[in-house]
Each structure stands twice: as C-alpha cells, then as structure tokens.
Amino acid sequence: MPSHSNGNVSMAYFQDFVLEGFGGGLETQALLFAVFLALYMVTVLGNILMIIVITLDARLHSPMYFFLKNLSFVDLCYSSVIAPNALANFFSSSKVITFAGCATQFFFLSLLATTEGFLLGVMAYDRFMAICSPLRYPITMCQSACTRLVLGAYCGGCFNSVVQTSFTFHLPFCSSNRINHFFCDVPPLLQIACGNTAINELLLFGICGFMIVGVTFVILISYGYITVTILRMMGSGAGRCKVFSTCGSHMTPGATESMEQGKVVSVFYTLVIPKLNPLIYSLQNKDVKEAVWRLGQKHMAT
C-alpha cells in the first residue's frame with residue numbers, strides 16, 4: 001500500500017480490494033453458493049444451446065436469430081465475468097481482488113451490459129422492419145447491414161466501457177479498500193473513493209442515461225408501430241397473438257435503489273435475466289423448439 005504526500009496530507013493508496021459480498025454465516029453462504037451455481041449453470045447451458053442450435057440449423061439463419069445468437073453470446077459472457085469469482089468468494093476468507101482484476105472485471109461488465117442494451121434496441125428495430133415494412137425487409141436487413149448493426153452495438157458498449165473504466169479507476173482509493181458488493185461496480189467504488197467523484201457521477205448519469213433513454217425510445221417507438229400495424233392487418237385474435245409472441249420477449253424489466261437492494265437486483269440482472277433470455281425465446285418460439293427437436297433427433301440417430 002504505497003503512500004503519497006500531498007502538501008501536509010499523507011494518503012495511502014490500496015493495491016487490492018475486498019469484495020464484501022453478502023453477509024451471513026456459513027449456512028447462508030452455502031445456500032447462496034448453491035443458488036448462484038444453479039443459476040449460472042442454467043445460464044451457460046441455455047445460452048450455449050441457443051448458439052449451437054442457431055448456428056447448425058439453416059432454417060434459423062435469418063436476421064432475427066443472428067441477433068438472438070449474439071444476445072446469447074453476450075449473456076453468456078456477462079454472467080461469466082461475475083459468477084465464477086463470486087462463487088469462489090463464498091468460501092474464501094480473504095475475498096481479495098487485485099486493482100487490475102477489479103478494473104478488468106469492471107471493463108467487461110460495462111462493455112457487455114451496454115452492448116446488450118444496444119442489441120435489444122437493434123432487435124426491436126429488426127422486428128419493426130419485418131412487420132411494418134416486409135417488402136423492404138430483405139434489402140434493409142441484409143447480412144452486411146446486420147453485421148454492421150451488431151458491430152455498432154459492440155462499439156457503443158466499448159466506448160462507454162473505456163470512458164467509465166478510465167474515469168473510475170483514475171480516482172484515488174485511500175479511505176477504504178472494502179467494496180460493499182459481490183463484484184466491482186460503479187456505485188460501491190465511488191463510495192470508497194477519497195477524491196472528487198462529481199465528474200464520475202455526471203458521466204455515469206449522463207452517458208448511461210442517454211443510452212438508456214435512446215434504446216428505450218427505439219424499443220417503444222418500434223413496438224408502438226408494430227402494435228398499430230398488427231391491429232390494422234390481422235383480423236383474428238389468434239393471428240395477432242402469434243405475431244405478438246415473436247416480439248414480446250424483447251421487453252425487459254428495470255429499477256433499483258439502496259446498496260443492499262442493489263445487490264439483490266444485481267443478481268437478477270447478472271444471473272437471472274441471462275438465464276431467462278434463451279428460455280423465453282425457446283419456449284415462445286415454435287421455430288426454435290422445432291430446431292432443438294431436430295438437433296436432438298439427429299444426435300440420437302448418430
């Protein structure tokens with residue numbers, strides 16, 4: 001822990017952090033370990049299955065499933081950035097993470113979370129074009145356009161991640177090295193910083209707020225037009241339900257407050273939602289269920 005002199009004040013900067021995680025005794029930690037492990041395993045298996053099925057089944061080589069495959073990949077990586085280290089810390093006495101390790105985890109967490117948000121916006125736009133402009137859809141959503149949209153989502157995520165990581169980890173952490181969370185996130189890191197965090201808070205709310213509002217706007221506008229188009233075109237209730245089932249799974253929940261509540265909400269976002277995405281799509285989508293069945297039949301035959 002090196003010391004630096006600033007005028008008459010001597011400040012010590014920490015080289016390691018301690019992830020406090022969840023409180024409780026050994027039984028509580030064992031229960032949480034089992035819950036985290038179960039959620040993580042389902043997330044890994046579900047998203048890998050979706051990636052394999054979409055890759056191997058030629059009937060699913062369309063823009064919607066191309067975006068879904070990328071969403072599954074992002075969800076898989078997103079959970080993997082957090083879950084393994086969190087699982088190891090449940091039975092660790094030190095719960096230490098290095099400064100570099102914390103910065104790396106934070107970078108990829110921010111990158112993948114932002115990319116997922118942009119992908120959800122892209123998927124909403126894809127459904128908008130498919131339903132509201134079907135004649136132009138094959139041209140508008142050609143393979144090169146889909147690739148550019150996905151790359152754009154990753155670039156947007158990378159931009160936000162670079163900005164947030166560089167500004168956050170340039171702060172002096174000298175008051176404490178104990179992070180009140182089970183992974184490295186902005187709010188608990190700002191709590192233990194001993195410098196002025198006003199710029200960091202402005203960037204956090206400014207950039208992230210702009211991205212959230214922008215993506216939400218695209219999703220709402222897209223599904224607003226989709227709803228109007230479906231109500232005009234489809235005469236039967238059954239027809240409307242069939243089209244809505246293709247689109248409804250793009251919508252995701254939101255909201256949080258307080259550090260302790262934030263931990264619970266973080267579990268939901270980092271482990272539950274990545275688990276739910278493949279389940280929602282596979283259970284609601286007939287094409288995916290048929291592709292899984294065909295893959296199973298092919299595997300049994302060999």
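These are my notes on the cysteines and one helix pair in this structure.

**Ground rules.** I'm working from a predicted model, so I read every number below as computed from that model.

**Disulfide count.** I looked for cysteine sulfur pairs within 2.5 Å and got one disulfide. The pair is Cys 102 and Cys 184, with the sulfurs 2.0 Å apart.

**What does it tie together?** Cys 102 sits in helix α3, while Cys 184 is in the loop between β5 (178-179) and α6 (186-192), so the bond links parts that are 82 residues apart in sequence. I also pulled the torsion about the S-S bond: about -130°, so this disulfide is left-handed. Then I checked burial, and both Cys 102 and Cys 184 come out buried.

**Why is Cys 146 not bonded to Cys 142?** I went to the sulfur distance: the closest cysteine sulfur to that of Cys 146 is the one in Cys 142, and at 6.8 Å it is too far for a bond, because the cut-off is 2.5 Å. Cys 146 is buried, at 3% relative accessible area.

**Cys 155, buried or exposed?** Exposed: its relative accessibility is 53%, and the cut-off is over 50%. Cys 155 is in no disulfide either, and the nearest cysteine sulfur, in Cys 158, is 7.0 Å away.

**Helix pair.** Back to α3, the helix that holds Cys 102. I looked at how α3 (residues 99-132) packs with α5 (residues 143-168): the angle is about 145° and the axes are 7 Å apart. The crossing is right-handed. Sorting the residues of this contact gave me 13 nonpolar, ten polar and no charged.

Notes
Residues are numbered from 1 along each chain as its sequence is written. This is a predicted model: local features need pLDDT of at least 70, side-chain atom pairs count only at pLDDT 80 or more; totals for chains, interfaces and linings use all residues. Side-chain values use heavy atoms; hydrogens and water are left out. Axes are lines fitted to C-alpha atoms, for helices over the stretch in contact, and angles run from 0 to 180 degrees between N-to-C directions. Helices (H or I, at least four residues) and strands (E, at least two) are DSSP runs, numbered from the N terminus. A crossing is left-handed if the near helix is turned anticlockwise from the far one by less than a right angle, and right-handed if clockwise. Ala, Val, Leu, Ile, Met, Phe, Trp, Tyr, Cys and Pro count as nonpolar, Asp, Glu, Lys and Arg as charged, and the others, Gly among them, as polar. Buried means under 20% relative accessible area, exposed over 50%, partly exposed in between (1.4 Å probe, protein chains only).
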